[in-house]
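Reader: I am new to reading protein models and would love some help. Could we go through a few features together, one at a time?

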Amino acid sequence: MPECPRCHQPIDPQAIACPTCQNPLKAFGHPGIPLHQATGDDYLCTSCTYHADDTCNFPQRPYARQCTLYHNPALQETPVVQPRSPGMAIARWLRRNTTLLLFLGLIVISVAIVLTGG
């Protein structure tokens with residue numbers, strides 16, 4: 001469960017503001033726009049990808065303590081890879097190659113008709 005960057009109390013991921021200290025957690029009061037906040041005396045720009053590659057256009061750069069554009073690949077969770085069963089792999093291959101299988105089937109039927117003299 002995420003925690004408030006100011007008071008470090010557990011919060012609901014969709015909370016617009018911290019229920020304990022009223023710290024804003026979502027930008028413009030919209031639950032779909034996360035508001036990233038610096039902790040301590042640091043600025044967000046020092047670890048932001050957009051600052052490092054010089055593509056940031058945020059007006060508070062390089063001293064932003066709150067930002068909606070912040071991106072740090074080190075903070076992203078790595079996706080969990082599900083083990084694949086052979087049956088799932090075959091089913092996925094069949095879905096991807098349906099057109100090829102139809103053409104091969106048409107060729108086999110055509111050759112069978114020619115060989116039977118029909």
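Author: Gladly. Let us begin with salt bridges, and keep in mind that this is a predicted model.

Reader: How many salt bridges does the structure hold?

Author: First the general idea: side chains of opposite charge can pair when their charged atoms come close. Here the structure holds 1 salt bridge. It is formed by Arg61 and Asp54, whose closest N and O atoms are 2.8 Å apart.

Reader: Is Asp54 buried or exposed?

Author: Asp54 is exposed, at a relative accessible area of 56%. Its partner Arg61 is partly exposed, with 24%.

Reader: What joins Arg61 and Pro62?

Author: A general point helps here: most residues other than glycine have a negative phi, and most peptide bonds are trans. In this model, Arg61 and Pro62 are joined by a cis peptide bond, with omega at about 0°. To find the spot, look for Pro62 in the loop between α1 and β2.

Reader: You also spoke of phi. Which phi does His8 have?

Author: His8 has a positive phi of about 60°, although His8 is not a glycine. You will find His8 in the segment before β1, where His8 is partly exposed at 45% relative accessibility.

Reader: And what about the phi of Phe28?

Author: Phe28 has a positive phi too, about 55°, and Phe28 is not a glycine either. Phe28 also lies in the segment before β1. With a relative accessible area of 78%, Phe28 is exposed.

Reader: Let us turn to rings. How many aromatic pairs does the structure hold?

Author: In general, a pair of aromatic rings is described by the distance of the centres and the angle of the planes. The structure holds 1 aromatic pair. Tyr43 and Tyr63 form this pair, with 5.4 Å from centre to centre and 75° between the planes, which makes the arrangement edge-to-face.

Reader: Where do Tyr43 and Tyr63 lie?

Author: Tyr43 is in the loop between β1 and α1, while Tyr63 is in the loop between α1 and β2 (66–67), so the pair ties together parts that are 20 residues apart in sequence. As for accessibility, Tyr43 is partly exposed at 34%, and Tyr63 counts as exposed at 57%.

Reader: Now the cysteines. How many disulfides does a search of the whole structure find?

Author: The idea is to look at how far apart the sulfur atoms are, and the cut-off is 2.5 Å. Searching the whole structure gives 0 disulfides.

Reader: Why is there no bond between Cys45 and Cys56?

Author: The cysteine sulfur closest to that of Cys45 belongs to Cys56, but the distance is 5.7 Å, so it is too far for a bond. Both residues are worth finding in the view. Cys45 counts as buried, at 7% relative accessibility, and Cys56 is buried as well, at 18%.

Reader: Is Asn23 buried or exposed?

Author: Asn23 counts as buried, with a relative accessibility of 0%. Asn23 is placed in the segment before β1 (36–37).

Reader: Which residues does Asn23 touch?

Author: When we leave out residues up to four places away in sequence, Asn23 touches Cys4, Pro5, Arg6, Ile16, Ala17, Cys18 and Gln37. With one of these, Arg6, Asn23 also has a polar contact between side chains, at 3.2 Å.

Reader: Could you show me another residue to set beside Asn23? Which residues does Pro13 touch?

Author: Leaving out residues up to four places away in sequence, Pro13 touches Pro2 and Lys26. Pro13 also lies in the segment before β1, and is partly exposed with a relative accessible area of 45%. Pro13 and Lys26 are 13 residues apart along the chain, and 9.9 Å separates their C-alpha atoms.

Reader: One last thing: where in the chain is confidence lowest, and where is it highest?

Author: Confidence is given as pLDDT, and the chain averages 85, with 93% of the residues scoring at least 70. Confidence is lowest in helix α1 (residues 49–52), at a mean of 83, and highest in helix α3 (residues 98–116), at 95.

Reader: Thank you, I will go back to the view and look for each of these.

Note on methods. Residues numbered from 1 in each chain as written. Predicted model: local features only at pLDDT ≥ 70, side-chain atom pairs only at ≥ 80, totals over all residues. Heavy atoms only, no water. Salt bridge = Lys/Arg side-chain N within 4 Å of Asp/Glu carboxyl O. Buried < 20%, exposed > 50% of the residue type's maximum accessible area, 1.4 Å probe, protein only. pLDDT = per-residue confidence, 0-100. Helix = DSSP H or I, 4+ residues; strand = E, 2+ residues; numbered from the N terminus. Polar contact = N/O pair within 3.5 Å; in protein donor to acceptor, adjacent residues only side chain to side chain. Contact = heavy atoms within 4.5 Å. Phe/Tyr/Trp six-rings, centres within 6.5 Å; stacked < 30°, edge-to-face > 60°.
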